[in-house]
Amino acid sequence: MLNETAAPAPAGHEIVATDSAIVYQNRWMTVREDQTLRHDGARGIFGVVEKPDFALVVPYGAGGFHLVEQYRYPVRGRYWEFPQGSWEERPDADPLDLAAGELAEETGLSAASMVELGYLYEAYGYCDQGVHIILATDLTQGTTDLDAEEAGLISRWFSEEEVWQLIADGRFRDAPSVAALGLFMQRKAAGRL
């Protein structure tokens, strides 16, 4: 049935689902397969990963950033990134509460000031997950409270220059973290820090 033509999709949408089936599900994600119809009548198929939005925190202080490093199983390596996460049991949590929770859990830090820098999509070619980018400043150190899945996670402060070197060296490859750094630099260049 792929690439067959039919009546066009309803106005206002370029592609609509005519049928949908869940093909995999666990507590972190749902994978579904949609039979689709394009506005020109062409049929197709999409695989979609549904995941709750997450918060990514840019903890900035003393001219640098607090990063975390952990083993990322899908890519079989350890990389530096900004603290981030979601609460599967509370997918509708306030992004600032989520960011504060993830920051404390992964780094032990609390922030007197938290400001949303933007909202982006993780990988909208196949996933509906979004990311709230939160700038955290006026930081105070406490103790971490890592989840079992975060075993081996470490946290460390890096100067801005060192973070750019981590990127150049291929040790900071998380796309949302690099995008967050861009949003941070835009705010800094505008003198809004």
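This briefing covers a pocket, a hairpin, a loop residue and two nonpolar cores. The model is predicted. Its largest pocket holds about 1300 Å³ of space. Its largest nonpolar core has 19 residues.

**Largest pocket**
- The largest pocket encloses about 1300 Å³, and 36 residues line it.
- Closest to the pocket centre are Lys-51, Gln-70, Arg-72, Gln-84 and Gly-85.
- Five elements are listed as giving two or more residues each to the lining: strands β5 (64–72), β6 (77–81) and β7 (84–85), with helices α1 (95–107) and α3 (175–189).
- By class, the lining has 16 nonpolar, 15 charged and five polar residues.

**Hairpin of β2 and β3**
- Strand β2 (residues 30–38) pairs with strand β3 (residues 43–50) in the antiparallel sense.
- Eight bridges join the two strands.
- Val-31 stands opposite Val-49 of β3.
- Four residues lie between the strands of this hairpin.
- Gly-41 has a positive phi there, near 95 degrees.

**Glu-122**
- Glu-122 sits in the loop between β8 (109–121) and β9 (130–141).
- Its relative accessible area is 32%, so Glu-122 counts as partly exposed.
- Glu-122 and Asp-53 are 69 residues apart in sequence. Their C-alpha atoms are 8.9 Å apart in space.
- Beyond its neighbours within four places in sequence, Glu-122 is in contact with Phe-54, Gln-129, Gly-130 and Pro-176.

**Nonpolar cores**
- In soluble globular proteins, nonpolar side chains tend to be buried together.
- Within the largest core, of 19 residues, Leu-56, Val-58, Phe-65, Leu-67 and Phe-82 touch the most other members.
- Elements giving two or more residues to this core are β4 (54–61), β5, β9, α2 (160–168) and α3.
- Strand β4 gives the most, with four residues.
- Leu-56 has many contacts outside its neighbours within four places in sequence: Phe-82, Pro-83, Gln-84, Val-131, His-132, Ile-133, Ile-134, Asp-174, Pro-176, Ser-177 and Ala-180.
- Another core, of 10 residues, lies apart from the largest one. Its members include Ala-55, Trp-87, Ile-134 and Ala-136.

**Shared elements and residues**
- Strand β5 gives two or more residues to the pocket lining and two or more to the largest core.
- Helix α3 likewise gives two or more residues to the lining and two or more to that core.
- Pro-176 is in contact with Glu-122 and also with Leu-56.
- Gln-84 is among the residues closest to the pocket centre, and Gln-84 is in contact with Leu-56.
- Ile-134 belongs to the core of 10 residues, and Ile-134 is in contact with Leu-56.

Methods
Residues are numbered from 1 along each chain as its sequence is written. This is a predicted model: local features need pLDDT of at least 70, side-chain atom pairs count only at pLDDT 80 or more; totals for chains, interfaces and linings use all residues. Side-chain values use heavy atoms; hydrogens and water are left out. On a 1 Å grid over the protein atoms alone, a cavity is a set of points where a 1.4 Å probe fits but cannot get out, and a pocket is an open set with protein on both sides within 12 Å along at least five of seven lines; lining residues have an atom within 4 Å of a point. Grid points are joined across faces, edges and corners, and a volume is the space filled by probe spheres set on the points. Ala, Val, Leu, Ile, Met, Phe, Trp, Tyr, Cys and Pro count as nonpolar, Asp, Glu, Lys and Arg as charged, and the others, Gly among them, as polar. Two strands pair if DSSP finds at least two bridges between them. Buried means under 20% relative accessible area, exposed over 50%, partly exposed in between (1.4 Å probe, protein chains only). Contact means heavy atoms within 4.5 Å. A nonpolar core is a set of buried Ala, Val, Leu, Ile, Met, Phe, Trp, Tyr and Cys residues joined through side-chain atoms within 4.5 Å.
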